[in-house]
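Please look over the sequence and the model below before reading on. The text after them goes through selected parts step by step.

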Amino acid sequence: MANVPFDEFLSDVLPNVPGVPTPMAISALRGACIEFCTDTLYWQESLDAELVSAEDLPLQVAVPSGAVLQQVLTCRVDGRRVGVVTHDVLDGVTDWDTQRGAPSAFYMADMYSIGLYPLPDAPVTVKTRAALRPSQASSGVPDALYQFWLDVIAAGAKARLMEMPNVGWSNPKLAEHFAAQF
């Protein structure tokens, strides 16, 4: 996966917000990319399969550098797709966290890891497909976000910058215009 640095977006942002410091523009671009990916689930990847036993659970979902897990979309256990189950449903099952068998569902154990229900009696291969978003420390985004969504993301960054009060590039009317494009 090719990564495009946020600097590449600047030529589509800076002319509309004269005087904005480059680091602030990059921060606005990062924020717009995070919001875009969060709202659309556009950035999706099939993540590496892992061999997992009950003792390894919950399993931290390994995401690429510069990314944060937004949502696990699908999970396959030994090649078989399993459903998703919520904690509310599991809480209605007696001893759900100690039951063993062939996993039929996955659940989010926390923001970064999944559990399997029931726990596997033997090691299983787990493969997930996930929606990702850039991390707050990311320096860029996958090429497809740049190639297909440059105008939208640039509009989001311009809206963020122009809605800032009491700075030379403030422009509430144009901020609304760019927010609508975003």
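What follows is a walk through some helices, strands and loops of this structure, which is a predicted model.

Begin with helix α1, residues 22–40. Helix α1 has 19 residues, and the span from its first C-alpha to its last is 27 Å, close to the 27 Å expected at 1.5 Å a residue. Just after this helix comes Leu41, which takes a positive phi of about 55°.

Two packed helices are described by the angle between their axes and the distance between the axes. For α1, the partner to look at is helix α3, residues 143–162. The angle between the two is about 115°, and their axes are 8 Å apart. The crossing of α1 past α3 is right-handed. On the α1 side, the residues that make this contact include Met24, Ala28, Ala32, Glu35 and Phe36. On the α3 side, they include Leu145, Trp149, Val152, Ile153 and Arg160. Sorted by class, the contact holds 15 nonpolar, two polar and two charged residues.

An α-helix has 3.6 residues a turn, so residues three or four places apart point the same way. Keep that in mind when reading the contact residues of α1, among them Ala25, Ala28, Leu29, Ala32 and Phe36. These five are also listed among the buried residues of α1, together with others such as Ile26, Arg30 and Ile34. What covers the buried residues of this helix? The cover includes α3, and also the strands β11 (124–134) and β12 (140–142).

Two residues of α1 raise a separate point, namely Cys33 and Cys37. A disulfide is a covalent bond between the sulfur atoms of two cysteines. Why is there no such bond at Cys37? The closest cysteine sulfur to that of Cys37 is in Cys33, and because it lies 6.3 Å away, it is too far for a bond; the cut-off is 2.5 Å. The count of disulfides in the model is zero. Cys37 has a relative accessibility of 0%, so it counts as buried. Cys75 is buried as well, with a relative accessible area of 0%.

Cys75 leads on to Thr128, since the two are in contact. Thr128 sits in strand β11, one of the elements that cover the buried residues of α1. With a relative accessibility of 7%, Thr128 counts as buried. Apart from neighbours within four places in sequence, its contacts are Glu45, Ser46, Leu47, Val61, Val72, Thr74, Cys75 and Ile114.

Val72 and Ile114 also appear among the contacts of Met108, with Leu69, His87 and Ser113, when neighbours within four places in sequence are left aside. Met108 belongs to strand β8, residues 105–108. Is Met108 buried, exposed or partly exposed? Its relative accessible area is 28%, so Met108 is partly exposed. Thr86 is 22 residues from Met108 in sequence, yet their C-alpha atoms are 7.6 Å apart.

Val77, in strand β5, is 31 residues from Met108 in sequence and 15 Å from it in space, C-alpha to C-alpha. Val77 has a relative accessibility of 2%, so it counts as buried. Beyond its neighbours within four places in sequence, Val77 touches Val82, Pro103, Leu116, Val124 and Thr125.

Next come some details of the backbone. Asp78 is in the loop between β5 (67–77) and β6 (80–84), and its phi is near 50°, a positive value in a residue other than glycine. Which peptide bonds are cis? One runs from Leu57 to Pro58, with omega near 0°, and Pro58 is in the loop between β3 (50–52) and β4 (59–60). Another joins Tyr117 and Pro118, with omega of about -15°. Pro118 is in the loop between β9 (113–117) and β10 (119–120).

The last stop is the chain beyond α3. Asn166 is in the loop between α3 and α4, and its phi is positive too, near 60°. At 80% relative accessibility, Asn166 counts as exposed. Helix α4 (residues 172–181) contains Leu174, which has 33% relative accessibility and so counts as partly exposed. Leu174 and Ala159 are 15 residues apart along the chain, and their C-alpha atoms are separated by 7.3 Å.

Notes
Residues are numbered from 1 along each chain as its sequence is written. This is a predicted model: local features need pLDDT of at least 70, side-chain atom pairs count only at pLDDT 80 or more; totals for chains, interfaces and linings use all residues. Side-chain values use heavy atoms; hydrogens and water are left out. Axes are lines fitted to C-alpha atoms, for helices over the stretch in contact, and angles run from 0 to 180 degrees between N-to-C directions. Helices (H or I, at least four residues) and strands (E, at least two) are DSSP runs, numbered from the N terminus. A crossing is left-handed if the near helix is turned anticlockwise from the far one by less than a right angle, and right-handed if clockwise. Contact means heavy atoms within 4.5 Å. Ala, Val, Leu, Ile, Met, Phe, Trp, Tyr, Cys and Pro count as nonpolar, Asp, Glu, Lys and Arg as charged, and the others, Gly among them, as polar. Buried means under 20% relative accessible area, exposed over 50%, partly exposed in between (1.4 Å probe, protein chains only). The expected span of a helix is 1.5 Å times one less than its number of residues.
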